[in-house]
Amino acid sequence: MSEGKMGKLSAKERMKIHRHEMPEQEAKARCGNFDEVNFGYTPELAMEEALRCIQCKDPVCIEACPVNVKIDEFIGLVAEGKFLDAAQKIKEDNALPAICGRVCPQEDQCEQVCVIGKKSEPVAIGNLERFVADYERNSGNMKLPEVKPATGKKVAVVGSGPAGLTCANDLAQWGHEVTVFEALHELGGVLMYGIPEFRLPKQIVREEIDNLKKLGVKFQTNVVVGRSVTIDELMEEDGFDAVFIGVGAGLPWFMGIPGENLNGVYSANEFLTRVNLMKAYDSNYDSPVFDCKGKNVAVIGGGNTAMDAVRTARRLGAEKVYIIYRRSEKEMPARIEEIKHAKEEGVEFIMLNSPVEFVGDENGWLKGVKCLKMELGEPDESGRRRPVPVKDSEYVIDIDMVVISIGNGSNPLIKQTTPEIGTSKKGTIVVNQETMQTSKKGVYAGGDIVTGGATVILAMGAGRTAAKAIHEELMNVTVNAE
Amino acid sequence: MYKIVSARFLAENIKMFEIEAPRIAKRRKAGQFVIVRLDEQGERIPLTIADSNVETGTITIIVQGAGKTTRKLNLKEAGDTILDVAGPLGQPSHIENFGTAVSIGGGVGAAIAYPTAVALKEAGNKVITINGARNKDMVILEDEMKKVSDEAYVTTDDGSYGFHGFVTQKLQALIDGGEKLDFVLAIGPIPMMRAVAEVTRPYGIKTVVSLNPVMVDGTGMCGGCRVVVGGESKFACVDGPEFDAHLVDFKNLADRNRMYNVHEKAALEHFETDCKLEKQIQAQASN
């Protein structure tokens, strides 16, 4: 593909190119391993896909990206084969492109508004972002963004998930001394313990975080803020000028139905933490997990976490794997790609069913799930049709292990130890949406701890907004909106 | 990396470590615990903080070699390191001047009962300690317990030392002897804690137990440690580990703690075959 081709193609010719799907591991083979499902684009595929972008005058895709990646510019560089320059362009706005390219729900964001998508399939922005980030990483030529001179200001970031990492990255680039405190032994938050290896290889997360270390960001693991140290101590004793709280929504919801404490009943957080963070699928690691081999496993819920859990159970050797969801497939919040992958891997979808009891044996082990059939009634406040139970429709499915994946609430640790920080009834931290500032001076918050369980990219957007506000407060300046 | 400053066996298979962890030492209160991961392949296990020293920046843990991880930990010596130590975790013990308080430790549970006994004494209680062990050689922290107690008793199952019988029998004897008890703390194996709860229930004596469910993160994000208290699910790592003994569903706790028995047995067998050092260590310990 020559450099000049970009300008020579007519809009009509561009429209004729079909969206390039990513090559992926065949379903049967991938059920037997934890390797990444998608292989990513080749340079040729990437350049061809990039040609589909018509470089609109008003690139609405940029506004639809929570961190406003300059999508038109980076794709233009890809079309010209300037992959390393494209990587630099993305990193002006996004510190974790290899991660976002993999886990962002692009169909609801940048790709949803893509002009090409109105007549044909949208440009595969996510796939291209991923390609560019991987290309740079594999080139051994990772460039760091420019860091401004040291300001002498110290900022503490609590939590090393997507919100905290993005905030730390931006603040470090502005010259602030940033320390990230993480409760677990590994950095990355949900990127590490939640999203499975087969969707997001942990090595990639580590390498993207290593870049932040090279920017000068310091990391301290095994520090549970609220227990090991309080926010007041960080500010008063350790001399931090500002604090960003990005601790996520890490408190699993259970269903409150009988039998929930039987052996074999997991929260999605526990099941995924054991498998992803503790590597329970690898016999060289000490952490155990329920032996799924030949067993029937059900995951309750319809989000991405549910898909991750059910596909993980399949890879651990489960014979039958079910998704039990109280609405219909149409209402599922999971990404279409994840639902498709799950189906290809043999996951059975039991829709319009709600568990009412976990049935156990005399030794306290789960044996079955008692379900009640549902039908869809009127829309509720979320706009989704409310499931209504069908009378006398109870029945029991034989299940050996169940994973509850119905969402997460907020961990109360920080609320308990820093009562000055205002929280909602749900326990989420209340902030000024423009600045992410909490009710305590110098303390900002963003990500799932503010919104409740949401997406990686929204958390990153919040981290970025907070970083800008922190910078402005510390330097007493106003940074123009980009 | 967390450096082990000192390490010594207190009894067969029970080892005491002082570990450099200044941040934890500074904040820790009686009843709290740490989560420890030995190495890259290791699992995360909870261990109660038995003591701490703000000046030296160290915490003390006491470990009974029961499975692979604790056996492996007990092979470590002063100068060795532990990869991860997170804490202090859990709610501190609720301490006040109850009047007469009994602190009961069964087996290695004495290591957990000890710091709370100290705190109870400092709060002005009359402190009675009952330190139960299988036999004379398994008694730990006897001198330490004596120092903080107004009355200190040791019981052994086989009668080789102190009171012959279970801690519950000693407790019953105290009650029968007319001692007015206002508060009982019991820490040890599940059957022991359950039995203590049944001794005090008819008298309405406030009784607290420190529960020991399986944990992963220890920060409230997974619910693996959930226990049933008063019919409700609680996370022992953030709501506990101490709970009202009269409200705890001990059967559920015992069932849940058996969840990984097969894995644990296999891991231990592997470890023992692999590790011939074990015998030498035990020989050293019995010297």
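**Exercises on a predicted model**

The buried residues of helix α8 of chain B are B:F250, B:N252, B:L253, B:A254, B:D255 and B:R256. The model from which this list derives is predicted.

**Exercise 1.** Determine how far α8(B) is covered, what covers its buried residues, and which residue caps its N-terminal end.

*Solution.*
1. Helix α8 of chain B spans residues 250-257, and six of these eight residues are buried, so the helix counts as mostly covered, where buried means under 20% relative accessible area.
2. The cover includes one element of chain A, β6 (265-267).
3. From chain B, the cover includes α6 (190-200), β13 (206-210) and β14 (226-229).
4. At the N-terminal end, the cap is B:D249, which has a side-chain oxygen 3.2 Å from the backbone nitrogen of B:K251.

**Exercise 2.** Establish how many disulfides the chains contain, and explain why A:C31 is not bonded to A:C292.

*Solution.*
1. A disulfide requires two cysteine sulfur atoms within 2.5 Å.
2. The cysteine sulfur closest to that of A:C31 belongs to A:C292 and is 13 Å away, which is too far for a bond.
3. Taken from the other side, A:C292 is in no disulfide, its nearest cysteine sulfur being that of A:C31 at 13 Å.
4. The count over all chains is zero disulfides.
5. As to accessibility, A:C31 is buried at 16% relative accessible area, and A:C292 is buried at 1%.

**Exercise 3.** State which residues of chain B UniProt lists for "domain: FAD-binding FR-type", and describe that span.

*Solution.*
1. The UniProt record, an unreviewed entry, lists residues 1-95 of chain B.
2. In the model, this span is 13% helix and 48% strand.
3. Its end C-alpha atoms lie 33 Å apart.

Key:
Residues are numbered from 1 along each chain as its sequence is written. Chains are lettered from A and ligands numbered from 1 in the order in which they are written. This is a predicted model: local features need pLDDT of at least 70, side-chain atom pairs count only at pLDDT 80 or more; totals for chains, interfaces and linings use all residues. Side-chain values use heavy atoms; hydrogens and water are left out. Buried means under 20% relative accessible area, exposed over 50%, partly exposed in between (1.4 Å probe, protein chains only). UniProt positions are given in the numbering used here, feature names are shortened, and annotations may be inferred rather than shown by experiment. Helices (H or I, at least four residues) and strands (E, at least two) are DSSP runs, numbered from the N terminus. Contact means heavy atoms within 4.5 Å. A polar contact is a pair of N or O atoms within 3.5 Å; within protein, one must be able to donate a hydrogen and the other to accept it, and residues adjacent in sequence count only if both atoms are side-chain atoms.
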